[in-house]
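Here are a few exercises to work through with the model open beside you. Try each task before reading its solution.

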Amino acid sequence: MLTRRHTLALVAGLAVAVSAFAHTPARADALADITARGSLRVAVPQDFPPFGSVGPDMVPQGYDIDMANLIGEKLGVSVEIVPVTSANRIPYLQTNKVDLVISSLGKNAEREKVIDFSTAYAPFFNGVFAPDDVAVSDAAGLSGKSIGVTRGAVEDLELTKIAPADADIKRYEDNNGTISAFLSGQVDVVATGNVVAAAILARNPPKRPELKFLIKNSPCYIGLNKNEPALLARVDEIIAAAKADGSLNAIAQKWLGADLPADI
């Protein structure tokens, strides 16, 4: 049984604990932290054009940098660009080096265990591309056609599963080889990513690749730490408004040479 002395000591200890808890400042959420700091720290790619790279003036540029600046503008804060790699972008978020990851980030079940995601803000997909006068709308339409693809890439693996037996799949060792094959007329169509197609369009070639059909779709999302509902809601609100007023489509046109897909 507790003695009177033990009882008094226990009561006194509880009183101290309650007093300390009452005087412990509540942790501000990430959105409040950003507002108080007056700056938004964003992890962006540094070597993955057109999403992120360093321009001739040594200033970061690309789709993701424009997206970061748009969010900062809408939050009314300055933007601190933090270049990252694919390997360290999520650890930078988890260790509070950045507030958001805007780095052509795809969503999957493993990542969803450790971070949260906004709604999609950018298209990222593999598809079959061909000039306007080439009639292809699905895998069956590839019958008898030559298709350029980068060896071992996702589109190579996926295309092999669906191409008709009489399709002539020509594999090249890198994206530059695939691009050259398309521009020189060595192949009728190319199976590649929308980023590579944007690189072709940037050359303003006589043969302009148009998307004929999707092979695999994996749009980009903004990553943020878990249990930050206020920041997540605000980011999603900014993305929705940018879609509605056309500013996000303008970013897509600027860096990808195409309109934002309807399903983004």
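## Exercise 1: The sheet with E10

Isoleucine 147 has valine 189 of E10 standing opposite. This is a predicted model, and that pair is a handy place to start.

**Task.** Work out which strand is joined to E10 by 3 bridges, and in which sense the two run.

**Solution.** Start from residues 146-150, which make up strand E8. E8 is joined to E10 by 3 bridges, and the two run parallel. Now zoom out: 5 strands make an open sheet, ordered E9-E8-E10-E7-E11, with mixed pairing. At its edges are strand E9 (168-172) and E11. Each has a single partner strand, so one side of each has no neighbour in the sheet. From one strand to the next, the twist averages 25°.

**Task.** Find which strands H6 and helix H7 touch as they pack on this sheet.

**Solution.** Take H6 to begin with: H6 touches E7, E8, E9, E10 and E11. Its direction makes about 95° with that of E11. Then look at helix H7 (residues 175-183), which packs on the sheet and touches E7, E8, E9 and E10. The direction of H7 makes about 160° with that of E8.

## Exercise 2: The other open sheet

**Task.** Trace the sheet that holds E5 and E12, and say which strands stand at its edges.

**Solution.** Go strand by strand: the order is E4-E1-E5-E12-E6, so to speak a row of 5 strands in an open sheet with mixed pairing. Strand E4 (78-84) and strand E6 (115-122) are the edge strands. Each of them pairs with a single strand, so one of its sides is left without a neighbour in the sheet. The twist here averages 25° from one strand to the next.

Next, check one pairing inside the row. Strand E5 (residues 100-105) pairs with strand E12 (residues 220-225) in the antiparallel sense, over 2 bridges. Look for valine 101, which stands opposite glycine 223 in E12.

## Exercise 3: Two pockets

**Task.** Describe the largest pocket: what is its volume, and which elements supply its lining?

**Solution.** The volume is about 330 Å³. There are 15 lining residues, and those closest to the centre are Phe124, Asn126, Val154, Glu155 and Gly193. At least two lining residues each come from strand E7 (125-130), helix H6 (154-162), strand E10 (189-193), helix H8 (194-202) and strand E11 (210-217). H8 gives the largest share, with 3 residues. Sorted by class, the lining holds 6 nonpolar, 7 polar and 2 charged residues.

**Task.** Do likewise for the second largest pocket: which residues are closest to its centre?

**Solution.** This pocket has a volume of about 280 Å³. Of its 18 lining residues, Phe125, Phe129, Leu211, Leu256 and Ala258 are closest to the centre. E7, H8, E11 and helix H10 (247-256) each give two or more residues to the lining. H8 contributes the largest share, 4 residues. The classes are 13 nonpolar, 2 polar and 3 charged.

## Exercise 4: How far to trust it

**Task.** Find where pLDDT stays under 50, and decide how to read that stretch.

**Solution.** Look at the whole chain to begin with: the mean pLDDT is 88, and 89% of the residues reach 70 or more. Then turn to residues 1-27, where pLDDT stays under 50. For this stretch the model has 2 contacts beyond four places in sequence. Where pLDDT is low, predicted coordinates should not be read in detail.

Notes. Residues numbered from 1 in each chain as written. Predicted model: local features only at pLDDT ≥ 70, side-chain atom pairs only at ≥ 80, totals over all residues. Heavy atoms only, no water. Pairing = 2+ DSSP bridges. Axes fitted to C-alpha atoms, helices over the stretch in contact; angles between N-to-C directions. pLDDT = per-residue confidence, 0-100. Contact = heavy atoms within 4.5 Å. 1 Å grid on protein atoms, 1.4 Å probe; cavity = no way out; pocket = protein on both sides within 12 Å on 5 of 7 lines; lining within 4 Å. Points joined across faces, edges and corners; volume = space filled by probe spheres on them. Nonpolar A, V, L, I, M, F, W, Y, C, P; charged D, E, K, R; others polar.
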